[in-house]
Amino acid sequence: TLFPRTALERDGFESADPWFHCFVAEDPGVGLVGYMLFYYTYSTWDGRQAYLEDLYIKPSYRKSGVASRMLKSLAQHKRSIILSGVSIPQELLARGCSRLNFSVLNWNETAIDFYVKRGAVDLTRDEAWHVFRFRKPNLEELASKE
């Protein structure tokens, strides 16, 4: 089940204080070919940072450099550039971010290789961090406890 489009529109595009930011890559003759959805967070260890929730590129544009250019543009923060017909916004360093965090499923070797080749660190392997989550029912249970 996909998250409702109306909620995405409300939370990211119709709010004065959006829950996330979304950058897109477009091919002028084709339209949307990829997107990145991210949001800002804060670390008591490193200060300002961002979390990359999604980076998606249409299959026919994979291995064409679009994902690499999107990550680079996000890091450099130039408002908009055009590279080989792909228009990409840029963001993080200008906002003072010290890092970009994200998760990759362990079976997605293609994505793991992509990120590692660009300098990403596997925190589970290298620093023994584990990622945890409280789902909504667990949050409700926590909130109801005295």
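This briefing covers the overall make-up of the chain, its paired strands, one buried residue and one surface patch. The model is predicted. The chain has 146 residues, and its secondary structure comes to five helices and six strands.

**Overall make-up**
- From the N terminus on, the order of elements is α-β-β-β-α-β-β-β-α-α-α.
- Of the 146 residues, 25% count as buried.
- The chain exposes about 10,900 Å². Carbon and sulfur atoms supply 55% of that area.
- Take the contacts between residues at least 6 apart in sequence: 38% of them join residues at least 24 apart.

**Strands β1, β2 and β3**
- Strand β1 covers residues 21-27, and strand β2 covers residues 31-43.
- β1 and β2 run antiparallel, joined by seven bridges.
- Three residues sit between β1 and β2, and the two strands form a hairpin.
- In this pairing, H21 stands opposite F38 of β2.
- Strand β3 covers residues 47-57. It runs antiparallel to β2, and ten bridges join the two.
- A hairpin through three residues links β2 to β3.
- Across this second pairing, Y39 faces Y51 of β3.
- β2 therefore pairs with both β1 and β3, since two strands pair if there are at least two bridges between them.

**Q49, a residue of β3**
- Q49 lies in strand β3.
- Q49 has a relative accessible area of 4%, so it is buried; the cut-off for buried is under 20%.
- The side chains of Q49 and R99 make a polar contact of 2.4 Å.
- A polar atom of the Q49 side chain also lies 3.5 Å from the backbone oxygen of Y42.
- Beyond its neighbours within four places in sequence, Q49 is in contact with Y39, Y40, T41, Y42 and S43. Its other contacts of this kind are C97, S98, R99 and N101.
- Y39 thus appears twice: it is in contact with Q49, and it stands opposite Y51.

**W129 and the surface patch**
- W129 is placed in the loop between α4 and α5. Helix α4 spans 123-127, and helix α5 spans 136-144.
- W129 is partly exposed, because its relative accessible area is 43%, and that class lies between the cut-offs of 20% and 50%.
- W129 belongs to a nonpolar patch on the surface, along with W45, V121 and L123.
- Together the four patch residues have about 470 Å² of accessible area.

Terms used. Residues numbered from 1 in each chain as written. Predicted model: local features only at pLDDT ≥ 70, side-chain atom pairs only at ≥ 80, totals over all residues. Heavy atoms only, no water. Patch = residues over 30% accessible without salt bridge, like charges linked within 9 Å, V, L, I, M, F, W, Y side chains within 5 Å. Areas by Shrake-Rupley, 256 points an atom, 1.4 Å probe, with all protein chains shown as cover. Salt bridge = Lys/Arg side-chain N within 4 Å of Asp/Glu carboxyl O. Helix = DSSP H or I, 4+ residues; strand = E, 2+ residues; numbered from the N terminus. Buried < 20%, exposed > 50% of the residue type's maximum accessible area, 1.4 Å probe, protein only. Polar contact = N/O pair within 3.5 Å; in protein donor to acceptor, adjacent residues only side chain to side chain. Contact = heavy atoms within 4.5 Å.
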